[in-house]
Structure formats: structure tokens, C-alpha cells
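Here are some notes to read alongside the structure, written for someone opening it for the first time. Take the points in order, and keep the view at hand as you go.

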Amino acid sequence: MITEVLSINELKKEAPVFGQLSFDNHEQVVFCQDKDTGLKAIIGVHNTILGPALGGTRMYDYKTEWDALNDVLRLSRGMTYKAAITGLNLGGGKAVIMGDAKKIKTPELMRRFGKFVHTLGGKYYTAEDVGMETSDMDTVREVTPYVTGISEAKGGAGNPSPVTAYGVYMGMKAATKFAYGDDNLDGKKILVQGIGHVGEELVRLTSKEGAKVIISDINEERLTSVSKAYGVEIYRGDDLYSEAADIYAPCALGATVNDETINKLKVKVIAGAANNQLANEDAHGALLQNKGIVYAPDFLINAGGIINVYAEIAGYGREQIMSKTENIYNTTLDILNRAKATSITTNVAAIRIAEDRINARKKEQKSAL
Ligand code: NAD
């Protein structure tokens, strides 16, 4: 591969656009601009072999346009693997809108964005992500059918976060079984970092099972209310990563598993909802493996949300949503066992299974021609 033989500077000279670090055989990248509404967006379609590319729209005040491009390229690739490993007939895509949602988001801007999505003719379906609300998806729905995550009142599957949390819980139990020989969370000490939409539900599920849950967040009000609601402890130390525990559940930000934190971590399992938990997939996956920490790949165990929105396209109901999400337990256990048997990291094992599924479909499509 070209990236292995050329330095970054050489690579950029050689391939200034497709040589961007996060380009990974993306099928299509669409730049969208509309001065009247202030819209500046990028839609990334990574792969559509298994089906239309589906992935949320993130609205974020990126420092530079390069940051936005890198984010959409990285996130859309992640969606390809997430859908493939979950067994959904979906490809991977994502969109980013540049700007502070609190300052520039208007219904006109969302409709204009929806019109851009519409021009792709169903190759890309959008959904909610950071900076978006269900009501924004309802606005996009006014101008295109290629949107999921719309409100239940408008025929959508509703809030995906509880389903995401249930999948994370399943993945956590599978990783616990792998690490301890038993999936019972009763008595296990779990550090939940970020108690937002997903984190709170994860706290509910794990504390109900008897886990000793410790919560951390930057939002004091939430800490107080969640602690009261489920009788869980608030972390009051100054370095969560150094706290001895059984499980670390990152449910706030990405890249919290990095050179600095891996050195400190005193847990046996990492299983949480945040996307892109490993700052560097290869290097940090390997460091965790060497340290004997079981890492449940994020894109696998946080797939409940995409299962939920996919129901809107595939037309299945609540029961199927929950049973597909429950199956995250089996897939996680399978991946952890395969990684151990073949001495590869759990992240690589998960990506290989996803790629095998995509390649098999590609072969079928070629032979059908
Ligand atoms: P959210 O915004 O509702 O909650 C995030 C929480 O993290 C907030 O309470 C926030 O105060 C807290 N937080 C922010 N920075 C922090 C820090 N430095 N330390 C501790 N806490 C901090 O988000 P969510 O919907 O619960 O999603 C959580 C994570 O899971 C995100 O990374 C998201 O991308 C990922 N995810 C969510 C879904 C879903 O269905 N909502 C699906 C897949 C992945």
C-alpha cells in the first residue's frame, strides 16, 4: 500500500487529495456549500457493497476544513465496518456540517443539507449524530426520504440511545465472560465515563445487575441526578484512568485509550459506547493486548443505534431490533476468541470479519454480472 512506502509529505505531494491520511478507498466524497444558509458540509460515502451508506450527520465547529474532512473520512469508514459486522445490509457513510450548532443551525440550513443528501438518490442515508436532534431529522425528511432517526410520531424508530446502551451492556457481559470465565456483573467494579444518553442507561442496566458502578462526567448536575437515581458512587479523584477497577466504560469522548492512559489503566476489560476509543487503532490495540486488557471493539458493541435506525429502512419492529442487539453478545465473544486463537488484536479480528463479509458480497455481485 502506498502509505507504507512514502512519508506523509511525499504522500501528500504524490496524491494531494486521495493521499489524505484518512482516505481509505472511499467511493465518493461530496462537498456541499450554500452561502444563503451558511451551510458548509461534506458527505463521505465509504462503501456501498452491502447496501446504501448509512451514517449520522455531525455538526461541529471544526478548527479547520481539513479536520472536518478527516473526521468524515474516518467516521464513514467506521460505519462500513459497524454495519458489516452487525450483519446489516448497509454500507458506510457519514456527513459533517461545519459550524457551532447553537449558532448556525436553522431549519433552512437543515433543509438545504437535506436537498444535498437527496441528490445522491439513496446512495447515502443520513441520521442523527453529535449536534443533531430528532427534530432536525424531521426537518430533513421534509425534503428527502433518505433520512433515518426521525421521530416516532412521524413513523421513525425513535431514540436510539437506550438500544445502543443495551448493545454495550451485551458486549460488556461477553468481554467479562472472556476475561473472568463468567458474564455476571454482580460485584464487578465499573467506571462509567460520561453519563449522557447512553451512559445513564448503561448505569441503570449494570447497577440493576449488582455491579459497583462509579460514574464520572464534566456535568455536575447530571452526576448528582444519576447518582441519586441509581444509588451509584460519583468519582471524586483526580485521575479516573488510575483507578483500580474491573471494567472501564468510555461513554463520552473518543481517543481516551492512548499512550498515556494505557500505562495507567488498572482494569481487565474496556467496553463502552464512545466511537474511536483507541487513539491509534493498531498501536493501542497492540498495547492493550500486551497488557492483557480485553478490549471489546467500540464499533461492534455500540451498534445498537444503527440497528435501531436500520429498522426504518428494513421495516422490522422492536422485537427484531432487540434480538439483533442482543446478538452483539455472541459476536463479541466470537471475536475475542478468534483474536486469542490467532494472536491478533480484537480490533483487527473484528475488522477482518467485517471485510470478509464485504468481500464475499463483492464476489457474489461480480459473478452475477
Ligand atoms: P451525550 O452527549 O448524551 O453524553 C455524553 C456525556 O459525556 C455528557 O454527559 C457529557 O457531559 C460527558 N462528557 C463530555 N466530556 C467529558 C469528559 N471529558 N469526561 C467525562 N464526561 C464527559 O452522548 P451519548 O449519546 O450518550 O453518546 C456517548 C458516546 O457514545 C459518544 O461518543 C457517541 O458518539 C457514542 N455513540 C452514541 C450512540 C447513541 O445511540 N447515542 C451510538 C453509537 C455511539
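1. A definition helps before we start: a polar contact is a pair of N or O atoms within 3.5 Å. With that in mind, look at A273, where a backbone N or O atom lies 3.3 Å from an oxygen atom of the ligand. Please remember throughout that this is a predicted model.

2. Let us stay with the ligand. A backbone N or O atom of V198 is found 2.8 Å from a ligand oxygen atom. S161 takes part through its side chain, with an N or O atom 3.2 Å from a nitrogen atom of the ligand. On its own the ligand has 830 Å² of accessible area, and the protein covers 74% of that. Two elements, α7 (161-180) and α8 (197-208), are the ones that give two or more residues to the shell around the ligand.

3. Which residues are closest to the ligand? They are T164, H197, V198, D217 and A252, out of 19 that surround the ligand.

4. Now step back to the whole chain. The protein is divided into domain 1, made of 8-76 + 92-154, and domain 2, made of 161-303 + 330-354. Taken over C-alpha atoms, the centres of the two domains are separated by 28 Å.

5. A good landmark to pick out next is an open sheet of six strands, with parallel pairing and the order β9-β8-β7-β10-β11-β12. Its edge strands, β9 (233-234) and β12 (294-295), each pair on one side only. Within this sheet, β7 (residues 189-193) and β8 (residues 212-216) are joined in the parallel sense by five bridges. One pair to look for is V192, whose bridge partner in β8 is I215.

6. I215 also leads us to a helix residue, V226, since I215 is among the residues that V226 touches. V226 sits in helix α9 (residues 220-230). Is V226 buried or exposed? V226 counts as buried because its relative accessibility is 1%, and the cut-off for buried is under 20%. Setting aside residues up to four places away in sequence, the contacts of V226 are I195, E200, V203, I215, G231 and V232. For a sense of scale, the C-alpha atoms of V226 and R111 are 36 Å apart, with their positions 115 residues apart along the chain.

7. Another group of strands is worth a visit. Strand β1 (residues 28-34) runs antiparallel to β2, and seven bridges join them. The two form a hairpin with four residues between them, and G38 in the turn has a positive phi of about 80°. On its other pairing, β2 is joined by six bridges to strand β5 (residues 91-98), again antiparallel. G44 is a handy marker here: this glycine is the bridge partner of V29, and G44 stands opposite K94 in β5.

8. Why is β2 described as largely enclosed by the rest of the structure? Eight of the nine residues of β2 (residues 39-47) are buried, so the strand is largely enclosed.

9. V29, in strand β1, is partly exposed, with a relative accessible area of 22%. Not counting residues up to four places away in sequence, V29 touches F23, I42, I43, L69 and L73. If you want a long-range check, V29 and A303 are 274 residues apart in sequence, while their C-alpha atoms are 24 Å apart in space.

10. Turn next to T80, which lies in helix α3 (residues 65-85). T80 counts as buried because its relative accessibility is 2%. The side chain of T80 makes a polar contact with the side chain of H46, at 2.7 Å. H46 is also in the contact list of T80, together with N47, G91, G92 and I358, once neighbours within four places in sequence are left aside.

11. One last stop is helix α6 (residues 134-141). Which of its residues are buried? D136, M137, D138, T139 and V140 are. What covers the buried residues of α6 includes α5 (107-119).

Notes. Residues are numbered from 1 along each chain as its sequence is written. This is a predicted model: local features need pLDDT of at least 70, side-chain atom pairs count only at pLDDT 80 or more; totals for chains, interfaces and linings use all residues. Side-chain values use heavy atoms; hydrogens and water are left out. Two strands pair if DSSP finds at least two bridges between them. Buried means under 20% relative accessible area, exposed over 50%, partly exposed in between (1.4 Å probe, protein chains only). Contact means heavy atoms within 4.5 Å. Domain bounds come from an automatic or database domain assignment. A residue is near a molecule or strand if one of its heavy atoms lies within 4 Å of it. A polar contact is a pair of N or O atoms within 3.5 Å; within protein, one must be able to donate a hydrogen and the other to accept it, and residues adjacent in sequence count only if both atoms are side-chain atoms. Accessible areas come from the Shrake-Rupley method with a 1.4 Å probe; for residues, only the protein chains shown count as cover.
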